[in-house]
Amino acid sequence: MLMKRSSLLTIAGSDSGGGAGVQADLKTFAAHGFHGVSVITAVTSQNTLGIQSILPLDEEVVADQLESVCSDFEPSFAKTGMLYTSETIEVVRDCLLKYDIPFVVDPVMKAETGRRLLLKGALSTLESLIGSASAVTPNKFEAEELTGITIESIDDARAAALKLSEMGADSVIITGGHLDGRDLVLRDSVLEVVDGGLLEGGTHGAGCTYSAALTANLALGSDIFRSARMAKRFVSEAIRSSRRVGHGVAPVAQLDWAIRDAERYTVLESVSHAVRRLEECEECAVLIPEVGSNIAMAVSGASRLGDVAGVEGRIIKLHGRAHAVGCIAFGATSHVGRIVLAAMRFDQSLCSAMNIRHSPAILDACRRLNLHLESFSREDEPPGEQTMEWGTTHAFKKSREKPDIIYDTGGVGKEAMIRLLGRDAHDVVDRAITIAKIVGESRGGGGLGESDP
Ligand code: PXL
């Protein structure tokens, strides 16, 4: 369970496209396990192609929102984004100081398209806000505007960071989207460079996401250097996960990474629980082939073996039981993993499989369960093919309905094999256990010999 986390506050503009601003900040706070509260300074009408209009809210409305959230939620940290006017900056500063809330200033000035998100005359008021901040996170252009220093090298960035720290912020981070991906972190005259490299992916909202992740990490108690590293990692994953939505610059995806991680965890749990059930099953050793067995399950949308979890070694027969040798991990099974990937190309819901021993009694048990069986012959396999991929694909193509079971009768030096397919590892193991019980009963009382009658 997550430790109890306080609320975090964002004071920023709304981005109707959901990529930057308040929307980016709230998603980033949520991804770090925080409840986010928000004060909207301006409503931007925008999409991936640009900003169509900006409606700044009256500073009284901003002050009302600030009072509402600060008086009740007691945020442990705040961050500011698009503030637009001097008047808004002043009410924000007054409130944060009144409630003694530490804050990060992301000195947002312009959108990627060049549209101003801070009025020209508001720069000096923004500087006074920076003077009370725990951290300020300008990009190269914002740092240039605030310091008057042209930044073309990491040395220029260092000079600008020193000048910014003289404004009074505890820490300065010049973010590196325009500095070969390197961020410069300065605190109490200690300088650290956080390397990152330039990444492939949509970047709209990257600055907001970075400063929100920094805020969350500071609120979790990390120092500025660790927070900067963690925030860089978070925004890098969000850029990598960006998807083309709309027709222009893709927004970063703050939650996809967290959701993917959660799904991978669920898959690991599902496979390990299924393996345990198989090991506890008294009749199941009869299903284990000479070459061993494996159970695989993939995350949704899987496209490579790294997206499929299974037993690192294999499942063998030991003391009359099925027994897994090795841990459950992603990328652990190439044979059964390939079957799953091939089956998913026909039906995304068939994301799990297990190979079991081929024998007339086991095939008969499968038939008695009214499962749809399909087969392939290794003799038909064209040279240079991956057998598992080809066999599975071939079986799907020749089958009228989607197969539950695909088997082959072996070949020279190749053991015959049955593969069970299912919607998840439990589904597959349910079938395996039922088949093993039928085989056990049909031989009259469950004694497990090495071979079928
Ligand atoms: O990324 C800066 C930014 C911040 N806030 C809002 C924005 C943008 C960029 O477009 O729209 C509301």
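What follows walks through the domains, the two sheets and the ligand site of this predicted model.

Starting with the overall layout, the chain splits by domain assignment into domain 1, covering 7-252, and domain 2, covering 261-444. The C-alpha centres of domain 1 and domain 2 sit 50 Å apart.

Now for the sheet built from β1 to β9. This one is open, has 9 strands and runs in the order β3-β2-β1-β4-β5-β6-β7-β8-β9, and its pairing is mixed. At the edges are β3 (50-56) and β9 (190-194), each of which pairs on one side only. One of the pairings is between strand β1 (residues 7-15) and strand β2 (residues 35-47), which go together in the parallel sense through 8 bridges. To pin down the register, threonine 10 has serine 38 in β2 as its bridge partner.

The other sheet is also open and mixed, with 7 strands ordered β14-β11-β10-β15-β18-β17-β16. Here β14 (328-330) and β16 (373-375) are the edge strands, pairing on one side only. From one strand to the next, the twist averages 20°.

The β14 end of this sheet can be followed residue by residue. Strand β11 (residues 308-311) pairs with β14 in the antiparallel sense, with 3 bridges. Along that seam, alanine 309 is opposite phenylalanine 330 of β14, while valine 311 has isoleucine 328 of β14 as its bridge partner. On to the next pairing: strand β10 (residues 295-298) is joined to β11 by 2 bridges, again antiparallel. There, alanine 298 is matched with valine 308 of β11 as its bridge partner. As a rule, side chains in a regular strand alternate between the two faces of the sheet.

Then there is the ligand. Which residues surround the ligand? The list is Gly13, Ala20, Gly21, Gln46, Met82, Val108, Ala111, Glu112, Leu117, His204 and Cys208. Sorted by class, this shell comes out as 6 nonpolar, 4 polar and 1 charged residues. Two members of the shell can be placed on the strands described above: Gly13 falls in the 7-15 stretch of β1, and Gln46 falls in the 35-47 stretch of β2.

Glutamine 46 also makes a polar approach to the ligand: an N or O atom of its side chain lies 2.4 Å from a ligand oxygen atom. As for how much of the ligand is covered, it has 310 Å² of accessible area on its own, and the protein covers 93% of that.

Terms used
Residues are numbered from 1 along each chain as its sequence is written. This is a predicted model: local features need pLDDT of at least 70, side-chain atom pairs count only at pLDDT 80 or more; totals for chains, interfaces and linings use all residues. Side-chain values use heavy atoms; hydrogens and water are left out. Domain bounds come from an automatic or database domain assignment. Two strands pair if DSSP finds at least two bridges between them. Helices (H or I, at least four residues) and strands (E, at least two) are DSSP runs, numbered from the N terminus. Axes are lines fitted to C-alpha atoms, for helices over the stretch in contact, and angles run from 0 to 180 degrees between N-to-C directions. A residue is near a molecule or strand if one of its heavy atoms lies within 4 Å of it. A polar contact is a pair of N or O atoms within 3.5 Å; within protein, one must be able to donate a hydrogen and the other to accept it, and residues adjacent in sequence count only if both atoms are side-chain atoms. Accessible areas come from the Shrake-Rupley method with a 1.4 Å probe; for residues, only the protein chains shown count as cover. Ala, Val, Leu, Ile, Met, Phe, Trp, Tyr, Cys and Pro count as nonpolar, Asp, Glu, Lys and Arg as charged, and the others, Gly among them, as polar.
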